[in-house]
Amino acid sequence: TYMCMAEKNEKQRIPFKFLKDIKSKFQSSFDAAAIRSEVAFGMNRPFKRVLTERMTFYNDDPNADRFRQVKGQINEVKGIIIQDIEKVLIR
């Protein structure tokens, strides 16, 4: 079972992307037999570094959310176009 917590007002896209990433990394780090035979929380120590790195990435890195990144770029271009149109109208 994989679970994470997010702010109520946040979109669900990023937490689910994080969970998918963590699941993939966890399953590639440990074989299925080891996962089944381990006691609860037994793999926390060896996997802690990966969790910390991925949490930092999804919380702080703008590349974690390509949708938000592209939306920001579109807004930036939109602002430039509006300024250019205003300059043309002033002339």
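**Notebook: F47, the core and helix α1**

F47 first: I looked up its relative accessible area, which is 4%, so F47 is buried. A reminder to myself before going on: this is a predicted model.

**Rings around F47**

I then went through the aromatic pairs, and the count came to six. I opened the pair of F26 and F30: the ring centres are 5.0 Å apart and the planes stand at 55°, so I noted this pair as tilted. Both F26 and F30 are buried. Next I took F30 with F47, where the centres are 6.2 Å apart and the planes again make 55°, so this pair is tilted. It links distant parts of the chain, since F30 sits in the loop between α1 and α2 while F47 belongs to helix α3, 17 residues apart. I checked F30 by itself and found a relative accessible area of 18%; the cut-off for buried is under 20%, so F30 counts as buried. Which residues do the ring pairs link into a cluster? I wrote down Y2, F26, F30 and F47.

**The nonpolar core**

I wanted to see where these rings go, and I turned to the largest nonpolar core, which has eleven residues. F26, F30 and F47 are among them, along with I14, F18, L19, I22, M43, V50, Y58 and A64. Two elements, α1 and α3 (44-60), give two or more residues to this core. Helix α1 gives the most, with five residues. A friendly reminder for the margin: in soluble globular proteins, nonpolar side chains tend to be buried together.

I also looked at A64, a core member. Setting aside neighbours within four places in sequence, A64 is in contact with I14, K17, F57 and Y58.

**Helix α1**

As α1 gives the core the most residues, I looked along this helix next. It has 17 residues and spans 24 Å from its first C-alpha to its last, close to the 24 Å expected at 1.5 Å a residue. Which residues of α1 are buried? My list reads I14, P15, F18, L19, D21, I22 and F26. Looking down the axis, I found the buried residues of α1 within an arc of 165°, so they line one face of the helix. An α-helix has 3.6 residues a turn, so residues three or four places apart point the same way. On the other side of α1, I noted F16, K20 and S28 as exposed. What covers the buried residues includes α2 (32-37) and α3.

**D21 and R54**

One name in the buried list made me stop: D21, which lies in helix α1 (residues 13-29). Is D21 buried or exposed, at 14% relative accessibility? The cut-off for buried is under 20%, so D21 counts as buried. I looked for its partners, leaving out neighbours within four places in sequence, and found contacts with R54 and Y58. The side chains of D21 and R54 are joined by a polar contact of 2.7 Å.

So to R54 itself, which is found in helix α3. At 13% relative accessibility, R54 counts as buried, so I marked it that way. Not counting residues up to four places away in sequence, R54 touches F18, D21, I22 and K25. Of these, F18 and I22 are also on my list for the largest nonpolar core. Y58, the other contact I noted for D21, is on that core list too.

Technical notes
Residues numbered from 1 in each chain as written. Predicted model: local features only at pLDDT ≥ 70, side-chain atom pairs only at ≥ 80, totals over all residues. Heavy atoms only, no water. Helix = DSSP H or I, 4+ residues; strand = E, 2+ residues; numbered from the N terminus. Buried < 20%, exposed > 50% of the residue type's maximum accessible area, 1.4 Å probe, protein only. Polar contact = N/O pair within 3.5 Å; in protein donor to acceptor, adjacent residues only side chain to side chain. Contact = heavy atoms within 4.5 Å. Core = buried A, V, L, I, M, F, W, Y, C linked by side-chain atoms within 4.5 Å. Expected span 1.5 Å × (residues − 1). Arc of directions from axis to C-beta. Phe/Tyr/Trp six-rings, centres within 6.5 Å; stacked < 30°, edge-to-face > 60°.
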